[in-house]
Structure formats: C-alpha cells, structure tokens
Amino acid sequence: MFIDTHCHLNFSAFKEDRDRIIKEALEKGMQIIMPSTQYSTSKRAVEIAERYSEGVYAGIGLHPIHVDARTVDVQEVESEEKEGQPWMTFDTRGEEFDYQVYKDLVASKKVVAVGECGLDYYYQPKGSQKRIEFQARQKAVFEQHINLSLEQDLPLIIHCRKAHDDLLEMLERYRGKVRGVVHCYTGSQEQALKFLDFGFYFGFNGLIFKKVLALPSPEEVIASLPLDRILLETDAPYLSPPQAHTERNEPLFVRYVAEEIARIKKLPVEEVSRVTTANARTLFALPS
Ligand SMILES: [Zn+2]
C-alpha cells in the first residue's frame, strides 16, 4: 500500500480519464494527495477530492512560477522527451495570491495541505532587475502561504528549485512552528541536514532515475536520510519512471520509486511502504 503524496490529477492531462485512474489507485489500496498550482486547479482538486468518501485529498496553493505571467519554453530548457505532449508546455499565470479565497477552500475537510508553494529560481525572467523583482514577489507569496498554513494548522507542500538557501533563510523565522515536506527534493546533502533540523520531510519521485538532471546525486541524499522523513510521490503527469514505459505518469507508478528507495537503503520494499505511509499519515493527519 502506498500513498502518492504529490500527483496532479487535477490537471488537464487527466481530463478524459481521471476518475478511472483514481478508482484504479484506490482499488489497489492507494491514497493520493493532489497539490495545486493556482486557484483554478486548487478549486478543482477540492471538488475532485470531495467526490470520494476517502483516500483522495487536496493541497491548495499558488506555485511560485505562476506569480509572474510569461510563456515558459519547456522545450528549450528540458529538450528531451517533450515532443507531442502538449501538457508538458505551459504559460505562467501571473496570478495574485488572494489569501481569503484560498482560505475559503480550506473549509473542505479534504484539504490536508497548503501547496504547492515555495521558490523557483529555475525559470527566471531575463534581466537582473526583473529577476530581483520576481524573487521578491515569490518570497512575498510564499510568506502568505506560510501564514495560511500556520493559521489553519496545515503542513506545507513546498516546491523549491535552485533556491534552497533562500528557502532555508525564510523558514528560519518560523522555526519550531512551520512543518511540511520539500517535494521533489533536489537540494544538497548539507541543505538536507538543515531541512531535517526543521523537522521537514522529503518527497522523492521519478526524478531520482534521471541522475544527470538531479544534482547532487539523489542516491547519496536518499541513503543519508532517515526513512521516517521520506515521502513517496509521482508528481504525475510529469516525471514518469522509465519502468512505466509511458510518458504520462500516474499514482500507480509510485511503486517504482518505492522499489528504488528500497534498493538504495537495502530494505524490503514492504518496509519502505509501511514507513512512508505512516509518515504521510502523520504529516497530513490522514485517517488510518
Ligand atoms: Zn507538483
């Protein structure tokens, strides 16, 4: 039994068959958490989760890359394996974070996290002044997510790319209060120790198979982290593990990530399943 703590079944990539995919996952004993990236997907995540009596949960938030309105050329920055997949390219939204409307969504019992939110310095606008403004706006929006998570007593699902030191600096002000997971962890081992010290969890997905893209070595980071701080995720529809032999990722493929973590940590996969499931239940206060 696995909990996919980060899958975007609320995205349009699953428009045609999301209920089938959710049903298949639930039938296999899985549970899923759908984080969101803007208001529309947040609302949709809540609506989807509300349709199921159990096992399907939502996170609500504004992804850092959507605080700005631009067209991000995914083809350009991640040239491999994107052709013929329209859901792999996107325009950023330039959405203002409206605290109250996001707060209203938390009224649903199915909302178990605030996120995904955080900092992303990977897709930056060109020009140093624009870059400074972009980073400042991301920080201001992330701060509001921290406030919402504290006010509502919900954990954060944090997205962080090329900004781990700034993220740690921001979290420092909330030490002892803030909790959550750094999903798709791509920081260094040294930074991982600092997040551990905050009591944070680490989410791993199919990116761990892309050893060239994920620096430093995910293998070393996973080996050094205690299993009771690790969460499994897919980040579906993205980052499909090679073993799945399909470009669109889905919750059931989370087992490949579990198997890889089991291999790295020299543990039976059942142990990885048991501990990571307990971790997710604890962090997100899921019913057992
Ligand atoms: Zn995500």
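This is a short tour of the structure above, one selection at a time.

**Before you start**

The model is predicted: local features need pLDDT of at least 70, side-chain atom pairs count only at pLDDT 80 or more, and totals for chains, interfaces and linings use all residues. Residue numbers start from 1 along each chain as its sequence is written.

**Stop 1: the whole chain**

Show the protein chain as a cartoon and you will find 10 helices and 10 strands. Helices here are DSSP runs of H or I with at least four residues, strands are runs of E with at least two, and both are numbered from the N terminus. Of the 288 residues, 45% count as buried; that label needs 20 or more other C-beta atoms within 10 Å of the residue's own, while 12 or fewer makes a residue exposed, anything in between is partly exposed, and C-beta atoms are placed from the backbone. Take the contacts (C-beta atoms, placed from the backbone, within 7 Å) between residues at least 6 apart in sequence: 71% of them join residues at least 24 apart.

**Stop 2: the sheet**

Next, colour the strands. An open sheet of 8 strands has the order β1-β2-β3-β6-β7-β8-β9-β10, with parallel pairing. Because β1 and β10 stand at the edges with a single partner strand each, one side of each has no neighbour in the sheet. Pairing requires at least two DSSP bridges between two strands. At the β10 edge, β9 and β10 are joined in the parallel sense over 3 bridges, and Gly203 is opposite Leu231 in β10.

Now add helix α5 (residues 128-152), which packs on the sheet, touches β6 and β7 (156-161), and makes about 160° with the direction of β6. Angles run from 0 to 180 degrees between N-to-C directions, with axes as lines fitted to C-alpha atoms, for helices over the stretch in contact. Helix α10 lies across β1, β2 (31-34), β3 (56-60), β6, β8, β9 and β10, at about 100° to β10.

**Stop 3: strand β3**

Select β3. Are its residues buried or exposed? 5 of the 5 are buried, so β3 is largely enclosed by the rest of the structure. In a regular strand, side chains alternate between the two faces of the sheet. Here Val56, Ala58 and Ile60 are on one side and Tyr57 and Gly59 on the other, and all are buried.

Ala58 is a good residue to label: it is the bridge partner of Met34 and is also partnered with Val111 in β6. The β2–β3 pairing is parallel over 3 bridges. To get from β2 to β3, the chain passes through helix α2 (residues 39-50) in a right-handed β-α-β crossover; with the strands pointing away from the viewer, right-handed means that the path from the first strand over the helix to the second runs clockwise. β3 and β6 run parallel too, joined by 3 bridges.

**Stop 4: the core**

Which residues touch the most other members of the largest nonpolar core? Among its 75 residues, they are Ile32, Met34, Val181, Phe202 and Phe204. A nonpolar core is a set of buried Ala, Val, Leu, Ile, Met, Phe, Trp, Tyr and Cys residues joined through C-beta atoms within 7 Å. The strand that gives the most to this core is β6, with 6 residues. Centre on Ile32 and, leaving out residues up to four places away in sequence, you will see contacts that include Asp4, Leu9, Val56 and Pro251.

**Stop 5: helix α9**

Move to α9 (residues 254-265). Its 12 residues should span 16 Å at 1.5 Å a residue, and its end C-alpha atoms are 17 Å apart, which agrees; the expected span is 1.5 Å times one less than the number of residues. Its buried residues are Val254, Arg255, Tyr256, Val257, Ala258, Glu260 and Ile261. They pack against β1 (3-4), β9 (201-204), α8 (218-224), β10 (230-232) and α10 (269-284). Just after the helix, Lys266 has a positive phi near 55°.

**Stop 6: backbone oddities**

Finish with a few local checks:

- Gly115 to Glu116 is a cis peptide bond, with omega near 15°; Glu116 sits in strand β6 (residues 111-120).
- Ala236 and Pro237 are also joined by a cis peptide bond, with omega about 10°; Pro237 is in the loop between β10 and α9.
- Asp235, in the loop between β10 and α9, is not a glycine but has a positive phi of about 60°. It counts as buried because it has 25 C-beta neighbours inside 10 Å.
- Cys184, in the loop between β8 (180-183) and α7 (189-197), is not a glycine either and has a positive phi of about 50°. With 24 C-beta neighbours inside 10 Å, Cys184 counts as buried.

Note on methods:
Contact = placed C-beta atoms within 7 Å.
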